[in-house]
Amino acid sequence: MAKVSVIGAGSWGTALALLLSKNGHDVTMWSILEDEIRMLDKEREHKSKLPGVKLPDTMKFTTDLKEAVEGKDFLVLAVPSTFTRGTAKNMCPYVAEGQIIVDVAKGIEEATLMTLSQQIEDEIPQADVAVLSGPSHAEEVGRGLPTTVVVGAKTEKTAEYLQQMFASEVFRVYTSPDMLGMELGGSLKNVIALAAGIADGMGYGDNTKAALITRGIAEIARLGVKMGGAVETFSGLTGIGDLIVTCASVHSRNRKAGYLMGQGKSMQEAMDEVQMVVEGVYSAKAAVKLGEKYGVSLPIINKVSEVLFDGKDPKEAVNELMLRDNKAEHTALPWEKKL
């Protein structure tokens, strides 16, 4: 049994806390919101974020960050991506040398273009930082539905330790050394999911969504490999797997926000209606900057950014994507030489 704290009490943090508790670990949940902690402690259920999922009496709750961090075998950092750096900075004084921190959020910092694990390492250099990612909606993990994810870490030892801590009969965990590729796949798929939602909201069909998913992973992989990620990562669970579920699922907040925008609502109106952090909105500008920095073509991501921030009409964005210059799907494939 390990002593674990989950830092962040949203839907994903709550679902993972329940999973770890069912695995026999001593679990504490932390939130900066006193009302949230009181509600969790009293109701043993996150009424707004994960309704119907009951939490065991053995689980503890606190707003004291020092209490949550000190003496724990590993920490799960589950705050929204926009709060990752600030939360890590506040955690730093209490983190021991080599203490494992598993980031489970997804995003890229616009100002620095850092992934979340890079931000955590920047603020807590003494930590052993890992990531957990994959096609894994909190609503389904909370209900115990079969799910498969990947743990990425700097060392095989840390990855295999976390694999054992999280794995269960309904939660299969693979390992990977490619933290960068995992995080890029997990962040950029949210931008593509916004595009898929917009297309759904405009009444487009399965053909359109299939095109967005397929060409979307091509964009993500092009950029990811150029930045140093492994091509295999983007054909796996944290690449195409995560992209498929986020583009297609009714649980996807990014798809839902896109759907509302496709029906004519503004970005802010859509975010307000979703009532959860829409990570793709925050990653879109960073993704555009990364494409420019590394000289990589990202037509879908660029059009999503224009819809979000430049007031471009979604139908016009689709038309511009469709009317781009004709080209081969895979330019590296040779044509058979004629004799």
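Which residues belong to domain 1 and which to domain 2? Welcome to this predicted model; start by giving each domain its own colour. The domain assignment places residues 3–177 in domain 1 and residues 180–323 in domain 2. With both coloured, look at how they sit together: their C-alpha centres lie 25 Å apart, and 30 residues of domain 1 touch 28 residues of domain 2.

**Stop one: the sheet**

Next, show the strands. You will find an open sheet of 8 strands in the order S5-S2-S1-S6-S7-S8-S9-S10, with mixed pairing. Select 60–62 for S5 and 171–176 for S10: these strands stand at the edges with a single partner each, so one side of each has no neighbour in the sheet. Going from one strand to the next, the twist averages 25 degrees.

Now select S9, residues 147–152. S9 runs parallel to S10, and 6 bridges join the two. Zoom in on Val-150 and you will see Tyr-174 of S10 opposite.

**Stop two: helices on the sheet**

Select residues 156–166 to light up helix H7, which packs on the sheet and touches S6, S7, S8, S9 and S10. The direction of H7 makes about 175 degrees with that of S10. Then add helix H11, which also packs on the sheet, touching S8, S9 and S10. Here the angle to look for is about 140 degrees, between the directions of H11 and S9.

**Stop three: H8 with H11**

Keep H11 (residues 237–248) on screen and add H8 (residues 179–201); they pack at an angle of about 30 degrees, with axes 8 Å apart. That angle makes H8 roughly parallel to H11, and the crossing is right-handed. To see the contact, show side chains including Met-182, Lys-189 and Ile-192 of H8, and Asp-242 and Leu-243 of H11. The residues of this contact divide into 6 nonpolar, 5 polar and 2 charged.

**Stop four: H8 with H9**

Leave H8 selected and bring in H9, residues 206–227. The pair packs at about 155 degrees with axes 9 Å apart, which means that H8 is roughly antiparallel to H9. This crossing is right-handed. Among the H8 residues that meet H9 are Leu-184, Leu-188 and Ala-199, while the H9 side includes Leu-212, Gly-216 and Ile-220. By class, the contact has 11 nonpolar, 4 polar and 3 charged residues.

Before you leave, find Gly-185, Lys-189, Ile-192 and Ala-196 on H8: they take part in the contact with H11 and also in the contact with H9.

Definitions and conventions:
Residues numbered from 1 in each chain as written. Predicted model: local features only at pLDDT ≥ 70, side-chain atom pairs only at ≥ 80, totals over all residues. Heavy atoms only, no water. Axes fitted to C-alpha atoms, helices over the stretch in contact; angles between N-to-C directions. Helix = DSSP H or I, 4+ residues; strand = E, 2+ residues; numbered from the N terminus. Parallel < 35°, antiparallel > 145°, perpendicular 65-115°, else oblique. Left-handed = near helix turned anticlockwise from the far one by under 90°. Contact = heavy atoms within 4.5 Å. Nonpolar A, V, L, I, M, F, W, Y, C, P; charged D, E, K, R; others polar. Pairing = 2+ DSSP bridges. Domains from an automatic or database assignment.
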